[in-house]
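Here is a short note for a colleague who is opening this model for the first time. It goes from the overall fold to strands and then to aromatic side chains.

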Amino acid sequence: SWMAPPSGVRGAEPFDTEDHACFVPKKCVFRFTGHEKGVHRIRLFPRTGHLLLSAGLDGACKVWSVEKRACMRTYVGHSAAVRDVQFNNDGTRFVSASFDRYLRMWDVESGKVLGTYTNRRVPYVVKFYPHDDNTFVVGCSDNKIVAYDSKSGEITQEYDHHLAPVNTITFVEDDGTKMVTSSDDKKVLVWEWDIGVPIKYISDPTMHSLPVVTMHPSEKFFLCQSLDNRIVVYQAGDRYGLQRKKKFEGHNVAGYACDISISPDGRFVCSGDSGGKLCFWDFKRTRMLQKYHAHDKGPSIGTVWHPVEPSMVFTCGWDGIIKMWQ
């Protein structure tokens, strides 16, 4: 099968900060081209990272081989731009969420559509439930978060407390039994899995909207892209307190949901910005280490850090190019 990882590639467990030391990449070593329009999100294959999944504004998803540096398969089925994609926990399937209001479950290897789901709302974010590959949750434009059973296609639970479209869903605490969600209403809510009432509100008059939330590999913090041009850090669990001393500044997000990625050892934070730049910070000292020009014609919207290679980072932008940095 073309999906099998190359021989000798070992997988790194997510959230294992002791596995290997990471470094900040030095330059762009390759450009993946093939999307007709911009690329909105990129994801790496879980644990080994030997395949790269990209969601295009042309409505197509593509899977690329990192080793062969080539497009392995294109998944066409959406009639509008794809907003988010997510691999399942073992990487055999992925789900895509598009502005045509449909979610599609794809088989990575064969390219078949295994299921189509819709609640006639625009899905903004999709995540697989960490304990069950047949369940995924979707944040929608009608302010709800809905959980689907992928086998039956039925909605199994609705989480309805946000006052504006939902932007992010992050699983926290002992392997993901709680969900942290953020929305355009500038609130962050914490939910117990399968219980439709939030157990915690994080809301503060000085808070800005947080369109991107990323878990730190230590699982002690989550980092949020705040639209006042900084990245803010909250405790993941316990009191969910804002870590006021930890904030990363110097980039410009200005209304874009630029992805944050964190090196697997937890030492470096990486984010795109609205001017097409790529920024790196030291997590402990919160100072900026590097700033590269990554993309033209808009923001560097997506970044991912490779789970095994110590200094490999991928970025994508609305110029339709995916860049590999090392």
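How many helices and how many strands make up the secondary structure of the protein?

1. Overall composition. The model is a predicted one, and its secondary structure comes to 0 helices and 28 strands. The radius of gyration is 18 Å, close to the 20 Å that the globule rule gives for 326 residues, so the protein is as compact as a globular protein of that length. Along the principal axes, the C-alpha trace spans about 45 × 45 × 35 Å.

2. Burial and contacts. Of the 326 residues in the protein, 57% are buried. Among the contacts with a separation of 6 or more, 47% are made by residues 24 or more positions apart.

3. Strand β4. A useful place to begin looking is strand β4 (residues 60-65), where 6 of the 6 residues are buried, so the strand is largely enclosed by the rest of the structure. Cover is found on both of its faces, with A60, K62 and W64 buried on one side and C61, V63 and S65 buried on the other.

4. The neighbours of β4. On the N-terminal side in sequence, strand β3 (residues 51-56) pairs with β4 in the antiparallel sense over 5 bridges, and A55 has C61 in β4 as its bridge partner. These two strands form a hairpin with 3 residues between them, and in its turn G59 has a positive phi of about 90 degrees. Strands β4 and β5 also run antiparallel, joined by 6 bridges, with S65 partnered by A70 in β5. The hairpin of β4 and β5 has 4 residues between the strands, and there R69 takes a positive phi near 55 degrees.

5. An open sheet. Strands β22, β23, β24 and β25 follow one another in that order in an open sheet of 4 strands with antiparallel pairing. Its edge strands are β22 (260-262) and β25, each of which pairs on one side only, and the twist from one strand to the next averages 20 degrees. Within this sheet, strand β23 (residues 268-272) is joined to the antiparallel β24 by 5 bridges, and V269 has W281 of β24 as its bridge partner.

6. Aromatic pairs. A search of the whole structure finds 28 aromatic pairs. One of them is formed by Y75 and W106, which meet edge-to-face at 5.6 Å centre to centre, with 75 degrees between the planes. Because Y75 lies in strand β5 (residues 70-76) and W106 in strand β8 (residues 103-107), this pair ties together parts that are 31 residues apart in sequence. Both Y75 and W106 are buried, and ring pairs link them with F45, F87 and F94 into a cluster.

7. A stacked pair. Is the pair of F248 and F283 stacked or edge-to-face? The ring centres of F248 and F283 are 6.0 Å apart and their planes are at 25 degrees, so the pair is stacked. F248 lies in strand β21 (residues 242-249), whereas F283 is in the loop between β24 (277-282) and β25 (288-293), so the pair ties together parts that are 35 residues apart in sequence. F248 counts as buried at 0% relative accessibility, and F283 counts as buried at 6%. A charged residue is also involved here, as K246 lies over the face of F283 at 4.8 Å from the ring centre.

Definitions and conventions: Residues numbered from 1 in each chain as written. Predicted model: local features only at pLDDT ≥ 70, side-chain atom pairs only at ≥ 80, totals over all residues. Heavy atoms only, no water. Phe/Tyr/Trp six-rings, centres within 6.5 Å; stacked < 30°, edge-to-face > 60°. Buried < 20%, exposed > 50% of the residue type's maximum accessible area, 1.4 Å probe, protein only. Lys NZ or Arg CZ within 6 Å of the ring centre and 35° of its normal. Pairing = 2+ DSSP bridges. Axes fitted to C-alpha atoms, helices over the stretch in contact; angles between N-to-C directions. Rg over C-alpha atoms; globule rule 2.2 N^0.38 Å. Contact = heavy atoms within 4.5 Å.
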